[in-house]
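Colleague: I would like to go through this model with you. Please put it up first.

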There are 2 protein chains.
Amino acid sequence: MKTISENKAFGGVQGVYTHMSDACGCEMTFAVYLPPQAQEGPVPCLWYLSGLTCTHENAMTKAGMQAHAAEFGLALVFPDTSPRGDDIANDDAYDLGQGAGFYVNATEAPWGPHFQMETYIASELRDLVTENFAVSVHHGITGHSMGGHGALTLAMKYPGHYQSLSAFAPISNPANSDWGRKQLGAYLGADETLWPAHDASMLLRDKGWVGDVLVDQGADDQFFDLLKASALSDALIETKTAHCYRLQEGYDHSYYFVSTFARDHVAWHAERLKG
Amino acid sequence: MKTISENKAFGGVQGVYTHMSDACGCEMTFAVYLPPQAQEGPVPCLWYLSGLTCTHENAMTKAGMQAHAAEFGLALVFPDTSPRGDDIANDDAYDLGQGAGFYVNATEAPWGPHFQMETYIASELRDLVTENFAVSVHHGITGHSMGGHGALTLAMKYPGHYQSLSAFAPISNPANSDWGRKQLGAYLGADETLWPAHDASMLLRDKGWVGDVLVDQGADDQFFDLLKASALSDALIETKTAHCYRLQEGYDHSYYFVSTFARDHVAWHAERLKG
């Protein structure tokens with residue numbers, strides 16, 4: 001693991017690191033924020049998964065979460081959204097390939113060898129962060145858009161890995177949306193019976209989530225239809241999953257939306273991870 | 001004036017606008033954040049001047065100030081740092097020309113025709129913002145690095161324009177620093193007797209500032225020597241200007257430093273503009 005930068009922020013340290021990933025077969029960049037409380041001992045850890053086109057940097061720079069992490073005593077992890085490099089498969093579209101890993105393990109060519117983001121996030125980077133930073137065994141997960149899909153699906157796929165869950169404007173039903181069908185088809189193949197295992201609304205009906213979940217969704221989100229927001233709210237209600245689903249009047253899909261509600265999400269996770 | 005984008009943020013609106021500037025002779029971009037309180041009537045207005053290489057976008061995206069502006073009921077204005085365009089003079093160096101206007105009115109070729117940032121900020125954009133947004137007559141000014149220099153010098157050059165003043169890691173004594181001598185020489189000419197009128201530490205001794213001032217400076221600032229921090233703290237003490245000068249242990253020159261202390265600055269201005 002190599003340190004790219006460390007900046008003091010809100011009494012803690014915002015760091016950026018690289019490491020050679022076995023899962024993705026390339027060098028990966030990620031960011032960790034350690035709050036001042038980490039100087040006294042391990043703190044709970046909140047994972048933030050980013051959306052299409054993002055790197056580790058977007059939320060680290062624009063979500064304003066460090067202030068809240070310092071207030072509530074949580075570490076933050078900001079992973080990248082895909083493997084990257086000149087030797088790694090890519091696509092001209094913004095929503096496939098590099099920057100668009102969709103948090104699944106690809107089985108299909110040309111993606112298979114490197115696009116193993118599910119294993120990377122849920123296992124490899126988790127182990128690396130736990131071993132190298134002052135974080136406890138209590139982990140929560142959240143994310144925005146494609147990262148909201150990642151947070152919801154990984155939480156349900158890996159019972160016991162995450163004790164708290166939330167999402168900002170998540171891609172909610174990718175098996176039935178143009179934000180999902182293209183990518184699940186490319187990464188997992190044309191057999192659609194394999195897709196529900198990677199679809200938050202379907203997973204909720206199949207496996208369920210042991211805890212409660214907080215979801216914020218902008219009412220003026222320019223990608224509202226692609227996100228299939230109502231599929232998730234329907235599934236949450238019909239499965240009687242404890243939740244707080246908030247449709248926020250006037251907010252769009254941008255980081256102005258995420259940053260506005262970031263404190264509520266950090267507080268939500270802190271209450272569950274520290275309680 | 002043309003609206004480029006408007007996003008709801010913290011109950012208010014973060015907008016980006018362009019207009020044809022008479023002072024700069026080109027189209028200029030600026031950003032205004034209106035807090036939710038502006039829906040009820042005019043609110044005080046805090047100007048944030050950015051540093052070298054920045055546009056209107058850096059602080060708008062990375063400083064996290066909208067949350068605090070909404071909390072305290074202030075509008076925020078984020079101007080650009082210079083005129084811009086293919087037809088506008090420029091220099092290959094990052095610290096001269098476009099992105100480095102230094103908040104002065106250039107008299108020398110090739111800068112004179114467009115680099116009129118002092119008049120642009122203190123008069124033209126001020127009038128435009130006051131006429132087009134729900135802001136009151138109470139204005140404060142702050143800034144980072146080159147923008148800290150701009151805030152300090154404009155506040156002293158234009159008595160009555162600004163009722164509150166602060167700065168983040170300001171360029172404090174440009175007439176005696178490599179961050180300043182090159183630019184003042186280029187924009188104002190080789191006659192150094194003209195420079196003190198644009199140097200915060202010298203202006204403070206010459207004209208003074210009617211109010212008090214808050215300054216934050218990172219102790220681990222990588223540009224500490226170029227900023228000439230002690231020239232300002234010396235001048236503040238020797239002129240008996242009421243102030244709060246904070247050297248912040250471990251902080252560098254980045255927006256992690258600015259965002260960490262942004263709430264204190266917004267609160268400082270709010271107390272003085274609303275009190």
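Colleague: What radius of gyration does chain A have, against that of a compact globule with 275 residues?

Modeller: This is a predicted model, where local features need pLDDT of at least 70, side-chain atom pairs count only at pLDDT 80 or more, and totals for chains, interfaces and linings use all residues. Residues are numbered from 1 along each chain as its sequence is written, chains are lettered from A and ligands numbered from 1 in the order written, and side-chain values use heavy atoms, without hydrogens and water. The globule rule, 2.2 Å times the number of residues to the power 0.38, with the radius taken over C-alpha atoms, puts a compact globule of 275 residues near 19 Å. Chain A agrees with that, at 17 Å.

Colleague: What share of the residues of chain A count as buried?

Modeller: Buried means under 20% relative accessible area, exposed over 50%, and partly exposed in between (1.4 Å probe, protein chains only). Of the 275 residues of chain A, the buried share is 62%.

Colleague: How many disulfides does a search of the whole structure find?

Modeller: A disulfide is a pair of cysteine sulfur atoms within 2.5 Å. B:C45 is buried, at 0% relative accessible area, and its sulfur is too far for a bond because the closest cysteine sulfur, in B:C24, is 18 Å away. B:C54 is in no disulfide either, with the sulfur of B:C24 as its nearest at 17 Å. Over all chains the search gives zero.

Colleague: Is B:E192 buried, partly exposed or exposed?

Modeller: B:E192 sits in the loop between α5 (181–188) and α6 (200–206) of chain B, helices being DSSP runs of H or I with at least four residues, numbered from the N terminus. With a relative accessible area of 41%, B:E192 is partly exposed.

Definitions and conventions: Helix = DSSP H or I, 4+ residues; strand = E, 2+ residues; numbered from the N terminus.
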